[in-house]
Amino acid sequence: MKHLFEQGTLKDAPALILFHGTGGNERDLIPLARRISPESAVLSLRGNVLENGMPRFFRRLAEGVFDIEDLKFRTQEVKAFLEQAAEQYDLDRNNWIAVGYSNGANIIGSLLFHYADLFKGAILHHPMVPLRDITLPPLAGTKVFIGAGSNDPICPPSETEELQELLSGAGASVTLHWERAGHQLTATEADAAAVWFKQNAAQK
Ligand code: MLT
């Protein structure tokens, strides 16, 4: 997969694995990552799917309607890429925090729904429920920050709460942060994610 890697300056700091939103690329979330953890290694992926020229991490049939078969295939593809990248860049497999916005948060959601130990934690900005009718793996010990907008036209509050319940039900510790905003990632939400990281995920 196309990606960008930046070495960290503190060996024990978690590596941040970044996933952009629809139409973005691997450079988009670098400033956000540096706000969260300036010392961390950063591995930022570009989605392998193109929708009218816009990179995404999986196909959709319409806005908010996912191509579940493709989502499952892309979820495995990302997992395989991360395993290879861990070798290539000598990353500690037990110290990864995923960070994603919108479509990027949704592929992280699917990774969490499929694999128990891939991420130590995740920062999900405006995620949806990625798929239903699946039994989640045990997620005890996994810490998740969800940033959501109370007026988000793409992800209604009820879906945010459903995601929180699904993750918590599997044992994850979930922090839900509400913004009185829509689907956009606001500065206050980014700051809240950075505070959450320092309190929950910065230590090895
Ligand atoms: C998705 O397709 O993942 C969601 O609708 C969010 C987005 O617009 O990317």
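1. Strand S9 and its neighbours. In this predicted model, strand S9 pairs with strand S10 (residues 143-149) through 5 bridges, and the sense is parallel. Ile-123 of S9 has Phe-145 as its bridge partner in S10. Strand S8 (residues 96-101) is also joined to S9 by 5 bridges, and these two strands run parallel as well. Here Val-99 is the bridge partner of Ile-123. Ile-123 thus has a bridge partner in S8 and another in S10.

2. Crossover. S8 leads into a β-α-β unit with helix H3 (residues 103-114) and S9. The unit is right-handed.

3. Burial of S9. Strand S9 covers residues 121-125, and 5 of its 5 residues are buried. Gly-121, Ile-123 and His-125 point one way. Ala-122 and Leu-124 point the other way. Note that His-125 is among the buried residues.

4. Aromatic pairs. The count is 4 aromatic pairs. One of them joins Phe-58 and Phe-66, edge-to-face, at 4.9 Å centre to centre with 80° between the planes. Phe-58 and Phe-66 are both buried. Phe-145 and Trp-196 form a tilted pair, with 6.0 Å between centres and 55° between planes. Phe-145 belongs to strand S10 and Trp-196 to helix H5 (residues 187-200), so this pair ties together parts 51 residues apart in sequence. Both of these residues are buried too.

5. Charges over rings. Two cases deserve a look. Lys-79 lies over the face of Tyr-115, 4.6 Å from the ring centre. Arg-93 places its charged end over the ring of Trp-96, at 5.0 Å from the centre.

6. Main core. The largest nonpolar core holds 44 residues. Phe-19, Leu-43, Leu-82, Phe-119 and Leu-167 touch the most other members. At least two residues of this core come from each of strand S2 (15-19), strand S3 (42-45), helix H2 (68-88), S8, H3, S9, S10 and helix H4 (157-169). The parallel strands of point 1, S8, S9 and S10, are thus among the contributors.

7. Leu-43 in detail. Setting aside residues up to four places away in sequence, Leu-43 touches His-3, Leu-4 and Phe-5, among others. Its contacts also include Leu-16, Ile-17 and Leu-18. Further along the chain, Leu-43 touches Phe-81, Leu-82, Ala-85, Tyr-89 and Leu-91. Leu-82 is itself one of the core residues that touch the most other members.

8. Second core. A separate core of 19 residues is also present. Leu-18, Leu-32, Val-42 and Ile-97 are included in this second core. Leu-18 is also one of the residues that Leu-43 touches.

Methods: Residues numbered from 1 in each chain as written. Predicted model: local features only at pLDDT ≥ 70, side-chain atom pairs only at ≥ 80, totals over all residues. Heavy atoms only, no water. Buried < 20%, exposed > 50% of the residue type's maximum accessible area, 1.4 Å probe, protein only. Helix = DSSP H or I, 4+ residues; strand = E, 2+ residues; numbered from the N terminus. Pairing = 2+ DSSP bridges. Right-handed = clockwise from strand over helix to strand, strands pointing away. Phe/Tyr/Trp six-rings, centres within 6.5 Å; stacked < 30°, edge-to-face > 60°. Lys NZ or Arg CZ within 6 Å of the ring centre and 35° of its normal. Core = buried A, V, L, I, M, F, W, Y, C linked by side-chain atoms within 4.5 Å. Contact = heavy atoms within 4.5 Å.
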